[in-house]
Amino acid sequence: MNEKQLYSTTISELSVQIRQGEVTSLEVTELILDRISRIDRKLNSYITVTHEEALRSAKQADRTIRSGKYLGPLHGIPIALKDLFSTRGIKTTCGSKILADHVPNRDATVVSKLKKAGAVLLGKLNMHEFAYGTTGDSSYFGSTRNPWDTSRITGGSSGGSGVAVAAGLCMAALGSDSGGSIRIPAALCGIVGLKPTYGRVSRYGVSPLSWSLDHVGPMTKSVRDAALMLQAIAGPDVNDASSSEIAVPDYAKKLSRGIKGMRIGCPKEHFFEALDDEVETHVRGAADQFSVLGAEVFEVSAPKFRFLRAAASTILASEASSYHEQYLRARAADYQEDVRKRLQTGRYILASHYLRAQRLRSLLIQETLVAFKSFDLLLAPTVPVTAPRIGESVIEAGGKKERVRGAMARFTTAFNYLGFPAISLPCGYASSGLPIGLQLVGRPFDEETVLTAANMYEENTAWHKKRPEI
Amino acid sequence: MKEASADTLRRIAEMEGVALAEKDAEEVASELNAVLHGLREFENEDLQDFEPATKFVWEPVKRK
C-alpha cells in the first residue's frame, strides 16, 4: 500500500487488509507519521505527535494479530485525539497556555476503550482553547488551517480533528461537542462527525467545557467508520454519572438495512433561514436524494427552536465560567482573548437565569420528543455557510450579516441542549471548492437510524470520496 | 430587564476581587446583553410544571 492508496482508504476497508495480513499496522503507521512530518506544518493539526509510542503500539498490534488474537476492526488502526482527552504520560493541553505542560496520570475512559480495541495512538490534536469557540483559530499553539484552502478556518472547537481526518493525517479522530464542536469542523473540512446522544459515551477524563452540554464522538472519513468508532467507545461508565446503561446495539450490523418508509422532517422555521444559496441548494438536493432512496420527506414545524440558542448560551456560559473560576482569578491574562471574554461573561449570569434555561430545556425536550413521533429524523444544514477566512469576524449569508462564531453554531447548538444524536456528513461542494455539510438528527439513543440513513445517502453519492489536494 | 454596562460589570468584578480589564469590559457587557436579550424571548413561557433538566436531559419529564 502506498500513501495515495491509504489516503482514499477507510477504516472498514483497511481493517480487512490488516486482518488478512495484506498490510501491517506498522506500514500504515509509518506512512501516516511520514505524511504528518511533511504536511502538517501547513495545517497545524497536531499539538503532540507520539511518534515512538505509535510505532511501538503498531508493532505490538501486528504481533497480536499474527498470533491469532484479532481484537476487531480498530486493531492496528492509527487514530488521534483532540487534546482534551486525558492520556496517561502524554501532554494534554486543551490548546491552552495554562495547561501547556499538563501531563495526566490516567487515561480518559474513551482512551482506555480505544486502546483495548487495539487502536494505535498517533498523537494529540489542536483545538480552540478549552473547546470554547466554533472557529478553531484561537489556540495557544496557533490556528488550525483548512486543508481545502489554508487561508480558511477549520471550524471548531475540534478543528485539529477535522483537519487531520480530512488530510489523511490519521484514520479517525475523537472530538468533543458542546454546541457543535464535532459537527462544525466535520462540515467545514468535508468529513463525517457524529455527536451521539447525551449519556451514550462517557466523558470521564475529558476536560469539561459545560457539563450538561458536553458530548464525545467520532470524526471519520465515512459513516461506517463512525459506526465502528462509536461501537468501541459507547456504553456505561461507573466514573461518569451522566452515562447511560441503555444497551449498546451493533451499529455496523444494520447499516445497510435501507431507508424505505423512513420519515424525514425538514424544519420550516430557523434551519433554512439566512443561508448561503449554495449550501441551501445542496442540502435540499440531499433531501430530494432521500426521497429517491425511498424515504418520506416532508416539511415540519418547530417554532420553539428559536429559543434554543439563547437558552443553550446561558447554560454554556454559566457552566464554563464555573469550571474556569480559579484559573480566571489567577491567570486571566494567559487565556486567548476571545475565550477569556466569553468566560468572563458567564460570571454575570444569574442563578435564576441558568435555572430558567434548564427548566425550559425540560419543556423543549418533552415537546421535541412528541414532535419526533411524526418523523424518524430531522434534516438540516450543519452550518449556514462554507468555511470563512481566518481572521474574518463577520459574514453575510442570505442577506443577513452575522458574527462568524455565532453563525457557525446556529444550527448545531439546539441538539446539545436537547441531547439528541446528530451527524454531519458531506453533501456537496460549493463553486469555491469548499465542502458543505448535511445534518441528520435522531431520537435519543437511536444512533442506529441516524447512521443507517447517513450510510444509505453516502453509498449513493460520492461526496465523501473527495479528498483535498495538499 | 436593564442592559448591563461595562462600568457596572467592572464594579462587580472589583467587589469580587477579580480582574476585568477595561478593554474587555465593553465586549463582555455586549456579550452578556445578547444572552440576556435571548432570555427575554422566553421569559413568558409557562414553566411552572417543569423542573430543571438534570442527569439525563433526554428523559421525558414528569409533570407534577
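Let us start on one side of helix α1(B), where Asp7(B), Arg11(B), Glu14(B) and Met15(B) are exposed. Keep in mind as you look that this is a predicted model. Now turn to the other residues of the helix, which spans residues 6–15 of chain B: here Ala6(B), Leu9(B) and Ala13(B) are buried. These buried residues cover an arc of only 65° around the axis, which puts them on the same side of α1(B). A general rule helps here: an α-helix has 3.6 residues a turn, so residues three or four places apart point the same way. What do the buried residues of α1(B) pack against? They pack against α2 of chain B, residues 22–40. After α1(B) comes Gly17(B), with a positive phi near 70°.

Stepping back to chain B as a whole, its secondary structure comes to two helices and zero strands. The chain has 64 residues, and 39% of them count as buried. If you take the contacts in chain B between residues at least 6 apart in sequence, 32% of these join residues at least 24 apart.

A similar kind of reading works in chain A. Helix α2 of chain A covers residues 11–19, and its buried residues are Ile11(A), Leu14(A), Ser15(A) and Ile18(A). Looking down the axis of α2(A), you would find these buried residues within an arc of 105°, so they line one face of the helix. That set of buried residues packs against several elements of chain A, including α1 (3–7), α3 (25–43) and α4 (51–66). Strand β4 and helix α8 (223–233) of chain A are also among the packing partners of α2(A). Just after α2(A), Gly21(A) has a positive phi of about 80°.

Next, let us visit the interior. In soluble globular proteins, nonpolar side chains tend to be buried together. The largest nonpolar core in this model has 155 residues. Which residues have the most contacts inside this core? They are Leu114(A), Phe290(A), Leu379(A), Tyr417(A) and Leu451(A). Helix α10 of chain A, residues 305–323, gives the largest share of this core, with 10 residues. There is also a second, separate core of 13 residues, and Ile184(A), Ile395(A), Ala397(A) and Val404(A) are included in it.

Phe290(A) deserves a closer look. Leaving aside its neighbours within four places in sequence, Phe290(A) is in contact with residues that include Ile259(A), Ile264(A), Ala295(A), Val297(A) and Leu379(A). Leu438(A), Leu440(A), Ala453(A) and Tyr457(A) are also among the contacts of Phe290(A). Both Phe290(A) and Tyr457(A) are buried.

That brings us to the aromatic rings. A search over all chains of the structure finds 12 aromatic pairs. One of them is formed by Phe290(A) and Tyr457(A), whose rings are stacked, with 5.4 Å from centre to centre and 25° between the planes. This pair links distant parts of the chain: Phe290(A) belongs to helix α9 (residues 277–292) and Tyr457(A) to helix α16 (residues 447–459), 167 residues apart. Elsewhere, ring pairs link Phe271(A), Phe305(A), Phe411(A) and Phe415(A) into a cluster. Rings can have charged partners too: Arg284(A) lies over the face of Phe272(A), 4.1 Å from the ring centre. Likewise, the charged end of Arg347(A) sits over the ring of Tyr348(A), at 5.8 Å from its centre.

Polar residues can be followed in a similar way. Where does Ser178(A) lie? You will find Ser178(A) in the loop between β4 (172–177) and α7 (183–189) of chain A. Ser178(A) counts as buried because its relative accessibility is 5%. Its side chain makes a polar contact of 2.5 Å with the side chain of Asp214(A).

Our last stop is Gln358(A), in helix α13 (residues 351–371) of chain A. Gln358(A) has 3% relative accessibility, so this residue counts as buried. The side chain of Gln358(A) makes a polar contact of 3.3 Å with that of Ser212(A), and another of 3.0 Å with that of Arg361(A). Not counting residues up to four places away in sequence, Gln358(A) touches Ser212(A), Ile315(A) and Glu319(A) as well as Glu51(B), Pro52(B) and Ala53(B).

Methods. Residues numbered from 1 in each chain as written. Chains lettered and ligands numbered in written order. Heavy atoms only, no water. Phe/Tyr/Trp six-rings, centres within 6.5 Å; stacked < 30°, edge-to-face > 60°. Helix = DSSP H or I, 4+ residues; strand = E, 2+ residues; numbered from the N terminus. Buried < 20%, exposed > 50% of the residue type's maximum accessible area, 1.4 Å probe, protein only. Lys NZ or Arg CZ within 6 Å of the ring centre and 35° of its normal. Core = buried A, V, L, I, M, F, W, Y, C linked by side-chain atoms within 4.5 Å. Contact = heavy atoms within 4.5 Å. Arc of directions from axis to C-beta. Polar contact = N/O pair within 3.5 Å; in protein donor to acceptor, adjacent residues only side chain to side chain.
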